[in-house]
Amino acid sequence: MVIKSLSRKNYKKAVRDLVNYIERRGVGQPITHNCASIQAGDDLIQELEFNITQLPDRKGGNVVYHEILAFSSHQPNIPKETMSDLAQ
């Protein structure tokens with residue numbers, strides 16, 4: 001398993017690119033925190049963009065943090081409960 005922790009400074013590009021990446025890769029449903037939208041798509045993009053507008057302005061500050069958990073294709077199927085525990 002590989003864990004990538006990434007941060008983004010430009011929210012307008014970062015949020016849309018991240019959600020599109022999740023959808024393009026066919027990795028399934030993202031696990032989000034502090035969001036009412038549970039499906040990837042336009043609703044999630046709009047909600048994340050709105051949440052970011054509520055942050056105070058900071059020059060050069062990070063506005064989006066996200067983590068990607070990558071598993072080898074040679075690993076057996078991992079139960080959804082285990083993946084959820086890892087994401088929490």
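This briefing describes the fold, surface, salt bridge, pocket and selected spatial contacts of one protein chain.

The model is predicted. The protein contains three helices and two strands, which follow one another from the N terminus in the order β-α-α-β-α. Of its 88 residues, 19% count as buried. A search of the whole structure returns one salt bridge, and a nonpolar patch on the surface is formed by M1, I3 and L86.

**Salt bridge**

- The side chains of E49 and R16 meet in a salt bridge, with an N to O distance of 4.0 Å.
- This pair links distant parts of the chain, since E49 belongs to helix α2 and R16 to helix α1, with their positions 33 residues apart in the numbering.
- Side chains of opposite charge can pair when their charged atoms come close.
- R16 has a relative accessibility of 37% and therefore counts as partly exposed, because that class lies between the limits of 20% and 50%.

**Nonpolar surface patch**

- M1, I3 and L86 together offer about 300 Å² of accessible area in this patch.
- M1 is placed in the segment before β1, the strand that spans residues 2–8.
- L86 is part of helix α3, which covers residues 80–87.
- With a relative accessibility of 42%, L86 counts as partly exposed.
- L86 and L69 are 17 residues apart along the chain, and their C-alpha atoms are separated by 8.6 Å.

**Second largest pocket**

- The second largest pocket holds about 240 Å³ of space.
- Its lining consists of 13 residues, of which I52, L55, P56, D57 and V63 are the closest to the pocket centre.
- Helix α1 (11–25) and helix α2 (42–53) each supply at least two residues of this lining.
- By residue class, the lining divides into five nonpolar, four polar and four charged residues.

**Loop residues and their spatial partners**

- F71 is located in the loop between β2 and α3.
- At 26% relative accessibility, F71 counts as partly exposed.
- F71 and M1, the latter a member of the nonpolar patch, are 70 residues apart in sequence, yet their C-alpha atoms are 4.7 Å apart in space.
- K59 occupies the loop between α2 and β2, where β2 comprises residues 64–70.
- K59 has a relative accessible area of 87% and is therefore exposed, because the limit for that class is over 50%.
- K59 and K9 are 50 residues apart in sequence, and the C-alpha to C-alpha distance between them is 9.5 Å.

**A further position in helix α2**

- N51 is situated in helix α2, the helix that also contains E49 of the salt bridge.
- The relative accessibility of N51 is 30%, and the residue counts as partly exposed.
- N51 and C35 are 16 residues apart along the chain, with 8.7 Å between their C-alpha atoms.

**Points drawn together**

- Helix α2 contributes E49 to the salt bridge with R16 of helix α1, and both of these helices also supply residues to the lining of the second largest pocket.
- M1 connects two of the topics above: this residue belongs to the nonpolar patch with I3 and L86, and its C-alpha atom lies 4.7 Å from that of F71.
- Among the residues described here, L86, R16, N51 and F71 count as partly exposed, whereas K59 is exposed.

Methods
Residues numbered from 1 in each chain as written. Predicted model: local features only at pLDDT ≥ 70, side-chain atom pairs only at ≥ 80, totals over all residues. Heavy atoms only, no water. Patch = residues over 30% accessible without salt bridge, like charges linked within 9 Å, V, L, I, M, F, W, Y side chains within 5 Å. Areas by Shrake-Rupley, 256 points an atom, 1.4 Å probe, with all protein chains shown as cover. Helix = DSSP H or I, 4+ residues; strand = E, 2+ residues; numbered from the N terminus. 1 Å grid on protein atoms, 1.4 Å probe; cavity = no way out; pocket = protein on both sides within 12 Å on 5 of 7 lines; lining within 4 Å. Points joined across faces, edges and corners; volume = space filled by probe spheres on them. Nonpolar A, V, L, I, M, F, W, Y, C, P; charged D, E, K, R; others polar. Buried < 20%, exposed > 50% of the residue type's maximum accessible area, 1.4 Å probe, protein only.
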